[in-house]
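Welcome! Here is a short tour for anyone meeting this structure for the first time. Take a look at it below, and then we will go through it together.

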Amino acid sequence: SSHGGDMHKNYHLCKILDRYNDDAETNETMDTSLYTVRINQNRLYTKNGEAMNINPSTSDGSRKTFVKNVPRYAIQYMDSPYTSDVHLMHAFRHFISIPNEVFPNNWME
């Protein structure tokens with residue numbers, strides 16, 4: 001399922017160890033680079049959505065997995081929680097009023 005807190009279940013922290021080109025594919029419109037990554041996989045989920053540690057013997061319960069030939073489209077950069085610009089102390093925040101006349105009457109009922 002891809003709603004609520006389930007959205008990021010299949011995302012894992014990773015470290016890119018190497019980048020190389022796939023000589024078999026040449027495509028000027030798409031990045032055909034391949035990567036070797038180390039995935040810090042720290043959670044598995046049961047069928048009913050409960051999280052469980054993979055390796056309780058490590059301090060963070062994680063398992064480090066090395067994966068080769070990862071295409072660029074499989075890597076997604078994400079902000080750590082509360083680090084995006086919207087969370088800056090002096091971020092611009094101002095109430096924007098919209099006149100009621102802009103909305104159709106049946107929306108206002």
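Let us begin at the outside: the protein exposes about 9800 Å², and carbon and sulfur atoms supply 52% of that area. Please keep in mind that this is a predicted model. Its average pLDDT is 76, with 64% of the residues scoring at least 70. Confidence is highest in strand 1 (residues 13-21), at a mean of 90, and lowest in strand 4 (residues 51-53), at 58. Where pLDDT is low, the predicted coordinates should not be read in detail.

**The overall plan**

What does the chain look like when read along the sequence? The pattern is β-β-β-β-β, with 5 strands and 0 helices. Of the 109 residues in the protein, 12% are buried. Among contacts with a separation of 6 or more, 48% are between residues 24 or more positions apart.

**Two residues to find**

Is Ser-33 buried or exposed? Ser-33 has a relative accessibility of 2%, so it counts as buried, the cut-off being under 20%. You will find Ser-33 in strand 2 (residues 33-41). Its side chain makes polar contacts with two other side chains, listed here with their distances.

| Side chain | Partner side chain | Distance |
|---|---|---|
| Ser-33 | Arg-19 | 3.0 Å |
| Ser-33 | Asn-21 | 3.3 Å |

Leaving aside neighbours within four places in sequence, Ser-33 is in contact with Arg-19, Tyr-20 and Asn-21, and also with Val-70, Pro-71 and Arg-72.

Now move to Phe-66, which lies in strand 5. Phe-66 counts as exposed because its relative accessible area is 58%, and the cut-off is over 50%. Which residues does Phe-66 touch, not counting those up to four places away in sequence? They are Leu-17, Val-37 and Arg-38. Arg-38 and Phe-66 are 28 residues apart along the chain, yet their C-alpha atoms are separated by 4.5 Å.

**A nonpolar patch**

Finally, look for Ile-96 in the segment after strand 5 (63-71). With 67% relative accessibility, Ile-96 counts as exposed, since that value is over 50%. Together with Ile-98 and Val-102, Ile-96 forms a nonpolar patch on the surface. The accessible area of these three residues together is about 330 Å².

Terms used: Residues are numbered from 1 along each chain as its sequence is written. This is a predicted model: local features need pLDDT of at least 70, side-chain atom pairs count only at pLDDT 80 or more; totals for chains, interfaces and linings use all residues. Side-chain values use heavy atoms; hydrogens and water are left out. Patches are made of residues with over 30% relative accessible area and no salt bridge: like charges are joined within 9 Å, nonpolar side chains (Val, Leu, Ile, Met, Phe, Trp, Tyr) within 5 Å. Accessible areas come from the Shrake-Rupley method with a 1.4 Å probe; for residues, only the protein chains shown count as cover. A salt bridge is a side-chain nitrogen of Lys or Arg within 4 Å of a carboxyl oxygen of Asp or Glu. Helices (H or I, at least four residues) and strands (E, at least two) are DSSP runs, numbered from the N terminus. Buried means under 20% relative accessible area, exposed over 50%, partly exposed in between (1.4 Å probe, protein chains only). pLDDT is the predictor's confidence in each residue, from 0 to 100. Contact means heavy atoms within 4.5 Å. A polar contact is a pair of N or O atoms within 3.5 Å; within protein, one must be able to donate a hydrogen and the other to accept it, and residues adjacent in sequence count only if both atoms are side-chain atoms.
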